[in-house]
Amino acid sequence: MQMAPKIEALLGTWKFSLFYLLSGIGGNIFSSYVDCTKLSVGASTALFGVFAAQGMYFLQRWSRLGPGRNLSLFIYIVAVLFCFIASSSTKNVDAAGHIGGYTSGMILYYPFISVRRLESKEVLAHYAGGLIYIIF
C-alpha cells in the first residue's frame, strides 16, 4: 500500500522521508507538551503528517485536479475523520500525537514544496537547524 503517492512524487523519496520523520517528531513533541507525564512513541504521528500534506495538496492544486476532485476530497475527509475519531476513542492510542502530527504536516508542507529544487543536503541542514532552534 502506498500513502500519498502524489506527495512523494512531488517531493522525491529523500525529501518525503525527511518530511515523514519531521512530522513524526513534531507530533511526538506536541504529545509530550500536552501530557508530559506519559511517554508516547509511534509512527502514526508521521502518518497523520502525511494525511495533512495530502489535504494541503488538495487545497493548493484544487483547480488542476480534474473532474474526480470532489470524490477524492470526500474520500480524504471521510478517511481522516475516521482515523481521528478511531484514535480518540481508543484508550491506548495517543490522539494528541495524531493532532500534533497533522499540524506538523500542515506547517511543513509549504516550506518543503517551496524548497524542493534545492539540494537535499541544503534542505536537511535548513530543517535540522530549524528543529534544533524549536527544541532549544
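**Close-up views of a six-helix predicted model**

**View 1. Helix 4 has an exposed side and a buried side**. Asn70, Leu71, Phe74, Phe82, Ile85 and Ser89 are exposed on the other side of helix 4 from its buried residues. The buried residues of helix 4 are Tyr76, Val80 and Ser87. These three lie on the same side of the helix, because they cover an arc of only 35° around the axis. The model shown here and in every view is predicted.

**View 2. Helix 4 from end to end**. The helix covers residues 69-89, which is 21 residues. At 1.5 Å a residue it should span 30 Å. Its end C-alpha atoms are 30 Å apart, so the span agrees with expectation.

**View 3. The whole protein chain is helical in its pattern of elements**. Six helices and zero strands are present. Read along the sequence, the pattern is α-α-α-α-α-α. Of the 136 residues, 35% are buried. The accessible surface comes to about 8700 Å². Carbon and sulfur atoms account for 68% of that surface. Contacts reach far along the sequence: among those between residues at least 6 apart, 70% join residues at least 24 apart.

**View 4. Helix 3 is largely enclosed**. This helix runs over residues 44-60. Of its 17 residues, 13 are buried, so the rest of the structure largely encloses it. How far apart are the end C-alpha atoms of helix 3? They are 24 Å apart, which agrees with the 24 Å that 17 residues should span at 1.5 Å a residue.

**View 5. Helix 2 and its buried residues**. Helix 2 takes in residues 13-34, 22 residues in total. From first C-alpha to last it reaches 31 Å, close to the 32 Å expected at 1.5 Å a residue. Its buried residues include the aromatic Phe16 and Phe19, together with Leu18 and Leu22. Three glycines, Gly24, Gly26 and Gly27, are also buried. So are Lys15, Ser23, Asn28 and Ser31.

**View 6. A ring pair between helix 4 and helix 5**. The count of aromatic pairs comes to six. In one of them, the rings of Phe84 and Tyr102 have centres 5.5 Å apart and planes at 65°. An angle over 60 degrees counts as edge-to-face, so this pair is edge-to-face. The pair links distant parts of the chain, with Phe84 in helix 4 and Tyr102 in helix 5 (residues 95-114), 18 residues apart. Is Tyr102 buried or exposed? At 18% relative accessibility, Tyr102 counts as buried.

**View 7. Neighbouring tyrosines, Tyr109 and Tyr110**. Their ring centres are 5.1 Å apart, with planes at 75°, so this pair is edge-to-face. Tyr109 counts as buried, at 1% relative accessibility. Tyr110 is partly exposed, with a relative accessible area of 38%.

**View 8. An aromatic cluster**. Which residues do ring pairs link into a cluster? They are Phe48, Phe51, Phe84 and Tyr102.

**View 9. Confidence along the protein chain**. The average pLDDT is 80, and 81% of the residues score at least 70. Confidence is highest in helix 2, at a mean of 89. It is lowest in helix 6 (residues 120-135), at a mean of 60.

Note on methods
Residues are numbered from 1 along each chain as its sequence is written. This is a predicted model: local features need pLDDT of at least 70, side-chain atom pairs count only at pLDDT 80 or more; totals for chains, interfaces and linings use all residues. Side-chain values use heavy atoms; hydrogens and water are left out. Helices (H or I, at least four residues) and strands (E, at least two) are DSSP runs, numbered from the N terminus. The expected span of a helix is 1.5 Å times one less than its number of residues. Buried means under 20% relative accessible area, exposed over 50%, partly exposed in between (1.4 Å probe, protein chains only). The arc is that of the directions from the helix axis to the C-beta atoms. Contact means heavy atoms within 4.5 Å. Accessible areas come from the Shrake-Rupley method with a 1.4 Å probe; for residues, only the protein chains shown count as cover. pLDDT is the predictor's confidence in each residue, from 0 to 100. Rings of Phe, Tyr and Trp (its six-membered ring) pair if their centres lie within 6.5 Å; planes under 30 degrees apart count as stacked, over 60 as edge-to-face and the rest as tilted.
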